[in-house]
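Trainee: Could you go through this model with me? I would like to start with one residue.

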Amino acid sequence: MPGGPARRPAAGRPGARTLAAAACLVLGVGLIGGAAAGSWLTDEAAGATPDAAATFARGRDVWHSTPVDTLFPRTVDGFGAGPGGADRTWSRIAVAPDGGCAGAYDPKLAEALARAGCVRLLRATYVDATRSSVITVGAQITKADQPGMAALNTRFSTGNLGARTDLMPLPYAARDTPARDFGRAQRVSWTVRVLTDVPVVVYAVSGFADGRPFDRPQPAEAATRPGATTAPAESGLGHDAKGLADRIGTDFRKAAGGAPRTTKASS
């Protein structure tokens with residue numbers, strides 16, 4: 001009423017200052033909580049597994065974005081990679097000019113890989129520490145997408161194509177090196193790997209450095225089984241092909257940002 005006594009705030013009703021203080025307190029807690037949550041999310045992202053699609057896409061570009069010494073190291077140490085768990089060491093003696101796949105395979109292997117397409121073919125040849133073995137390692141960068149690489153891997157595996165002698169890869173016989181006489185008739189052991197996390201087919205083929213012909217070549221996966229007594233097994237040529245294919249496949253995965261892992265031969 002006009003002229004009457006001033007009313008006091010009702011008991012228990014907060015004043016403006018109290019409400020403002022409470023609002024500031026809530027806002028501050030929210031900011032701190034948000035910052036902490038952001039920190040946790042950042043930490044999780046830093047340790048997250050690389051996205052598979054991004055890794056696959058990068059795998060198609062590593063041939064021109066990565067130094068050759070990274071993809072095909074000058075020296076490769078194969079700890080426990082030889083017969084009986086012996087250590088092996090391989091030294092690179094030649095790198096082929098990168099190019100297409102035309103003429104790089106025998107006809108049946110070329111036909112088997114044709115559906116994946118070919119962006120580039122990279123090859124290098126190595127010699128073992130005793131200079132008695134020569135090994136060519138190749139990496140075909142394909143045009144296939146992830147389902148296409150998975151389908152090709154399945155085809156090689158279910159059809160046992162990696163174990164067929166008419167689908168052996170060809171050596172790279174560089175002049176003026178211990179591999180100068182490494183031709184079709186000198187192939188002793190081999191492996192073919194169709195990778196599925198990057199668009200790459202990795203292969204390796206091995207032979208004797210003295211150029212002797214061999215008429216009973218054996219897939220590396222058979223030659224490296226415990227107890228194998230064939231010439232490819234006892235000479236270590238199966239281990240040479242398997243060990244170098246394992247390493248080069250890992251190098252391509254790492255260059256694409258993927259997690260290193262060993263891929264079994266597509267046989």
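Trainee: Is Tyr105 buried or exposed?

Mentor: Tyr105 has a relative accessible area of 8%, so it is buried. Buried means under 20% relative accessible area, exposed over 50%, and partly exposed in between, with a 1.4 Å probe and protein chains only.

Trainee: What should I know about the model itself?

Mentor: It is a predicted model, where local features need pLDDT of at least 70, side-chain atom pairs count only at pLDDT 80 or more, and totals for chains, interfaces and linings use all residues. Residues are numbered from 1 along each chain as its sequence is written, and side-chain values use heavy atoms, with hydrogens and water left out.

Trainee: How many aromatic pairs are there?

Mentor: The count is 2. Rings of Phe, Tyr and Trp (its six-membered ring) pair if their centres lie within 6.5 Å; planes under 30 degrees apart are stacked, over 60 edge-to-face, and the rest tilted.

Trainee: How do Phe72 and Phe252 fit that?

Mentor: Their ring centres are 6.2 Å apart and the planes are at 80°, so this pair is edge-to-face. Phe72 is in the loop between α4 (68-71) and β1, while Phe252 is in helix α9 (residues 237-255), 180 residues apart. Helices (H or I, at least four residues) and strands (E, at least two) are DSSP runs, numbered from the N terminus. Both Phe72 and Phe252 are buried.

Trainee: And what about Tyr105 and Tyr203?

Mentor: With centres 5.9 Å apart and planes at 70°, the rings of Tyr105 and Tyr203 are edge-to-face too. Tyr105 is in the loop between β2 (88-95) and α5 (107-114), and Tyr203 is in strand β6, 98 residues apart. Tyr203 has 2% relative accessibility, so it counts as buried.

Trainee: New topic. What is the strand order in the sheet?

Mentor: The order is β1-β2-β3-β4-β6-β5-β7, in an open sheet of 7 strands with mixed pairing. Two strands pair if DSSP finds at least two bridges between them. β1 (75-78) and β7 (218-219) are the edge strands, each pairing on one side only.

Trainee: How many bridges join β5 to β7?

Mentor: There are 2 bridges between β5 (residues 189-194) and β7, and the two strands run parallel. Ser189 has Gln218 in β7 as its bridge partner.

Trainee: Which residues of helix α2 are buried?

Mentor: In α2 (residues 52-59), they are Thr55, Phe56 and Gly59.

Trainee: What do they pack against?

Mentor: They pack against α3 (62-65), β4 (133-141), α6 (146-158) and β6 (200-208), where contact means heavy atoms within 4.5 Å.
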